Amino acid sequence: MPAITEDTIRELAGFRSGGAPVVSCYLDVDGRRHVRRQDVEAELDHLLRPVRDHEDRDATSTDFAQIERYVRDRLDRSNARALAIFSCAARDLFEVIPLPVPVASRVVINNAPAIGQLEALVQELDRFGVLLVDKQRARMFVFQFGELIDRSELFDAKPRQYDSIGERDLVGYDKAEQHVDELVTQHLRHAAEVAFELFQQDGFERLTVGAPTELAPVIEGLLHPYLRSRLCQSIDVAITAGLADVREAALRVEAEVERAKEAALIGRLRDAVGQGNKGVVGLEATLGSLVERRVDILFVSQGYRDTGWRCERCGYLCHKGPNCPVDGSQMHRVDDVVEEAVDAALGQSCKVEICADNADLDVMGRIGALLRY
Ligand SMILES: [Zn+2]
């Protein structure tokens, strides 16, 4: 499976279907919500059911079949909380991108891949630097979207008598220890330089350091100020750890950082609503703000669904129908107006935050928005 990168997105953006329909499917496969594989299949079925009667029914039936086959036979959830699947059987396109972050499940049928949600995720997700050090080794990794994109290793050999100094010569102990300290400090300085080199090459937004307790404050003090300002919580991984363990620990820190960012945004939403200033919560109010194109950031609790109505004439979205309050025409009933809201927000270039397990948002109605005005 290809990792998500800006290249992958550019490739999809440049895909030409020649008029054939392209099925884009964002699927929540998170094991905490969909414990069994059958639960994921049921989720997919729920998504596909309303679009099976699409006007391009014959053209898309192969796409639906290969998406279903993939989810049934080849689903690998070890590295993914969601999948983005793009299928255009007529032009031999079938691409599955595992996503380490939650998404809103949705299916879009259009003449081009619906990449808005992917683009939003890539912009939002930080590049992560991981620096592991001990007294003579340093390993630096850069991850993006859970994938390793760069690495560098450093080994500063210790002098031959290093281990025995101080044990044999108690009189010279202080001097020897000082000498060792100097060597270690020198090594850590090298490690900080390696970290900065990769920063200059790859430009990561966050850095986490894994180091023995006594070395941690030293290495942090030696980091370039640009890197120090990007430090987040430290990581507990041995210097000899395999790449998979490093990656997993990095994803844990990343998830923690994401959660904190999300909590801060939801805090802003709660304050805005409390002050009656540039914030709405609840389905009807949020849909209203979307229709008025006032939304800056749309928040949705993952898995939230509700029925509603859409006006074909003016695009009005609401929870209760059937008549459009704008032009009075008979609206179209939709199975999931929340999905329509996400589509509308992406279409208006709003940011969309899908929040997993955020109790505050759940209490406020599972959907809300910070407004531009
Ligand atoms: Zn209308």
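Buried means under 20% relative accessible area. The model used in these exercises is predicted.

**Exercise 1. Overall picture**

State how many residues the protein has, what percentage of them count as buried, and how far the C-alpha trace spans along its principal axes.

Solution.
- Start with burial. The protein has 373 residues, and 48% of them count as buried.
- Take the extent next. The C-alpha trace spans about 95 × 50 × 35 Å along the principal axes.
- Then list the secondary structure. It comes to eleven helices and 15 strands.
- Finish with the contacts. Take those between residues at least 6 apart in sequence: 70% of them join residues at least 24 apart.

**Exercise 2. Packing of α2 and α3**

Classify the packing of helix α2 and helix α3 from the angle between them, and sort the residues of their contact by type.

Solution.
- Fix the ranges. Helix α2 covers residues 37-48, and helix α3 covers residues 57-73.
- Read the geometry. The angle is about 165 degrees, and the axes lie 9 Å apart.
- Apply the cut-off. Angles over 145 degrees count as roughly antiparallel, so α2 is roughly antiparallel to α3.
- Add the handedness. The crossing of α2 and α3 is right-handed.
- Name the partners. From α2 come Arg37, Val40, Glu41, Leu44 and Leu48. From α3 come Phe64, Ile67, Glu68, Val71, Arg72 and Asp73.
- Sort them. The contact of α2 with α3 has six nonpolar residues, no polar ones and five charged ones.

**Exercise 3. Packing of α9 and α10**

Do the same for helix α9 and helix α10: are they roughly parallel or roughly antiparallel?

Solution.
- Fix the ranges. Helix α9 covers residues 283-291, and helix α10 covers residues 337-347.
- Read the geometry. The two pack at an angle of about 30 degrees, with axes 10 Å apart.
- Apply the cut-off. Angles under 35 degrees count as roughly parallel, so α9 and α10 are roughly parallel to each other.
- Add the handedness. The crossing of α9 and α10 is left-handed.
- Name the partners. Leu283, Leu287 and Leu290 of α9 meet Val337, Val338, Ala341 and Ala345 of α10.
- Sort them. The contact of α9 with α10 has seven nonpolar residues, no polar ones and no charged ones.

**Exercise 4. Two residues in helices**

Decide for Ser289 whether it is buried or exposed, then find the contacts of Leu251 beyond its neighbours within four places in sequence.

Solution.
- Place Ser289. It sits in helix α9.
- Check its area. Ser289 has a relative accessible area of 3%, so it is buried.
- List its contacts. Beyond neighbours within four places in sequence, Ser289 touches Val280, Arg294, Val295 and Leu371.
- Turn to Leu251. Leu251 lies in helix α8, residues 243-274.
- Check its area. Leu251 has 23% relative accessibility, so it counts as partly exposed.
- List its contacts. With the neighbours within four places set aside, Leu251 is in contact with Pro100 and Gly146.
- Compare with Ile67. Leu251 and Ile67 are 184 residues apart in sequence, and their C-alpha atoms are 27 Å apart.

**Exercise 5. Cysteines**

Explain why Cys88 forms no bond with Cys25, and give the number of disulfides.

Solution.
- State the test. A disulfide needs two cysteine sulfur atoms within 2.5 Å.
- Apply it to Cys88. The closest cysteine sulfur belongs to Cys25 and is 15 Å away, so it is too far for a bond.
- Give the total. The count by this rule is zero disulfides.
- Check burial. Cys88 is buried because its relative accessibility is 0%. Cys324, at 3%, also counts as buried.

Notes:
Residues are numbered from 1 along each chain as its sequence is written. This is a predicted model: local features need pLDDT of at least 70, side-chain atom pairs count only at pLDDT 80 or more; totals for chains, interfaces and linings use all residues. Side-chain values use heavy atoms; hydrogens and water are left out. Buried means under 20% relative accessible area, exposed over 50%, partly exposed in between (1.4 Å probe, protein chains only). Axes are lines fitted to C-alpha atoms, for helices over the stretch in contact, and angles run from 0 to 180 degrees between N-to-C directions. Helices (H or I, at least four residues) and strands (E, at least two) are DSSP runs, numbered from the N terminus. Angles under 35 degrees count as roughly parallel, over 145 as roughly antiparallel, 65 to 115 as roughly perpendicular and the rest as oblique. A crossing is left-handed if the near helix is turned anticlockwise from the far one by less than a right angle, and right-handed if clockwise. Contact means heavy atoms within 4.5 Å. Ala, Val, Leu, Ile, Met, Phe, Trp, Tyr, Cys and Pro count as nonpolar, Asp, Glu, Lys and Arg as charged, and the others, Gly among them, as polar.
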